[in-house]
Amino acid sequence: MSFSDSISLVTGGAGFIGSHIVDKLLETGAEVNVIDNLSNGNLSNLENANNSSKFNFNQANLDDSVLKKN
């Protein structure tokens, strides 16, 4: 399956499970955006993803006002 033209959002992407999902999506060619507040996750889980130009990380809570549309 190819996701080369897709844009994905992974919440909790710095966690153990989320980081594996991020890696698999990147392997299929997807652009991957991650939102994680790092309360349980760790940036070291995203070391492989950080090498990809199709990866973007945002440290935030989903309830942060910067993420809310007014």
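Leu 46 sits in the loop between β2 and β3. In this predicted model, Leu 46 has a relative accessible area of 0%, so it counts as buried. Leaving aside residues up to four places away in sequence, Leu 46 touches Gly 13, Ala 14, Ser 19, Val 22, Phe 55 and Phe 57. Two of these partners can be placed at once: Ser 19 and Val 22 have numbers that fall within helix α1, which covers residues 16-27. Phe 55 and Phe 57 likewise fall within β3, which spans 55-59. His 20 and Leu 46 are 26 residues apart in sequence, yet their C-alpha atoms are 8.8 Å apart in space.

The same loop between β2 and β3 also holds Leu 38. Here the backbone deserves a look: phi of Leu 38 is near 60 degrees, a positive value in a residue that is not glycine. Is Leu 38 buried or partly exposed? Its relative accessibility is 22%, and because buried means under 20%, Leu 38 counts as partly exposed.

Now for the overall plan. The protein contains one helix and three strands, and along the sequence they follow the pattern β-α-β-β. The three strands form an open sheet in the order β1-β2-β3, with parallel pairing. At the edges are β1 (7-11) and β3 (55-59), each of which pairs on one side only. From one strand to the next, the twist averages 15 degrees. As general background, strands of a sheet pair through backbone hydrogen bonds, in either a parallel or an antiparallel way.

Let us follow one of these pairings in detail. β1 and strand β2 (residues 31-36) run parallel and are joined by five bridges. Within this pairing, Leu 9 stands opposite Asn 33 in β2, while Val 10 has Val 34 of β2 as its bridge partner. How enclosed is β2 by the rest of the structure? Five of its six residues are buried, so β2 is largely enclosed.

The edge strand β1 has two faces to compare. Ser 8 and Val 10 make up its covered face, and Ile 7, Leu 9 and Thr 11 its uncovered one. Val 10, the partner of Val 34, thus belongs to the covered face, whereas Leu 9, opposite Asn 33, belongs to the uncovered face.

Helix α1 lies across β1, β2 and β3, and runs at about 170 degrees to β1. Ile 21 is found in this helix, which covers residues 16-27. Together with Phe 16 and Ile 17, Ile 21 makes a nonpolar surface patch of about 350 Å². At 39% relative accessibility, Ile 21 itself counts as partly exposed.

Helix α1 also holds a charged pair, Glu 27 and Lys 24, which lie three residues apart, about one turn of the helix. Side chains of opposite charge can pair when their charged atoms come close. Glu 27 forms a salt bridge with Lys 24, and the closest N and O atoms are 3.7 Å apart. The count for the model comes to one salt bridge. Both residues are open to the outside: Glu 27 counts as exposed at 59% relative accessibility, and Lys 24 is exposed as well, with a relative accessible area of 54%.

Here are the accessibility values for the residues discussed above.

| Residue | Relative accessible area | Class |
|---|---|---|
| Leu 46 | 0% | buried |
| Leu 38 | 22% | partly exposed |
| Ile 21 | 39% | partly exposed |
| Lys 24 | 54% | exposed |
| Glu 27 | 59% | exposed |

Finally, some totals for the protein. Of its 70 residues, 33% are buried. The accessible surface comes to about 4,800 Å², and carbon and sulfur atoms account for 48% of that surface. Among contacts between residues at least 6 apart in sequence, 53% join residues at least 24 apart. The pair of Leu 46 and Phe 57 does not reach that separation, but Leu 46 and Val 22 are in contact.

How values were computed:
Residues are numbered from 1 along each chain as its sequence is written. This is a predicted model: local features need pLDDT of at least 70, side-chain atom pairs count only at pLDDT 80 or more; totals for chains, interfaces and linings use all residues. Side-chain values use heavy atoms; hydrogens and water are left out. Patches are made of residues with over 30% relative accessible area and no salt bridge: like charges are joined within 9 Å, nonpolar side chains (Val, Leu, Ile, Met, Phe, Trp, Tyr) within 5 Å. Accessible areas come from the Shrake-Rupley method with a 1.4 Å probe; for residues, only the protein chains shown count as cover. A salt bridge is a side-chain nitrogen of Lys or Arg within 4 Å of a carboxyl oxygen of Asp or Glu. Helices (H or I, at least four residues) and strands (E, at least two) are DSSP runs, numbered from the N terminus. Buried means under 20% relative accessible area, exposed over 50%, partly exposed in between (1.4 Å probe, protein chains only). Two strands pair if DSSP finds at least two bridges between them. Axes are lines fitted to C-alpha atoms, for helices over the stretch in contact, and angles run from 0 to 180 degrees between N-to-C directions. Contact means heavy atoms within 4.5 Å.
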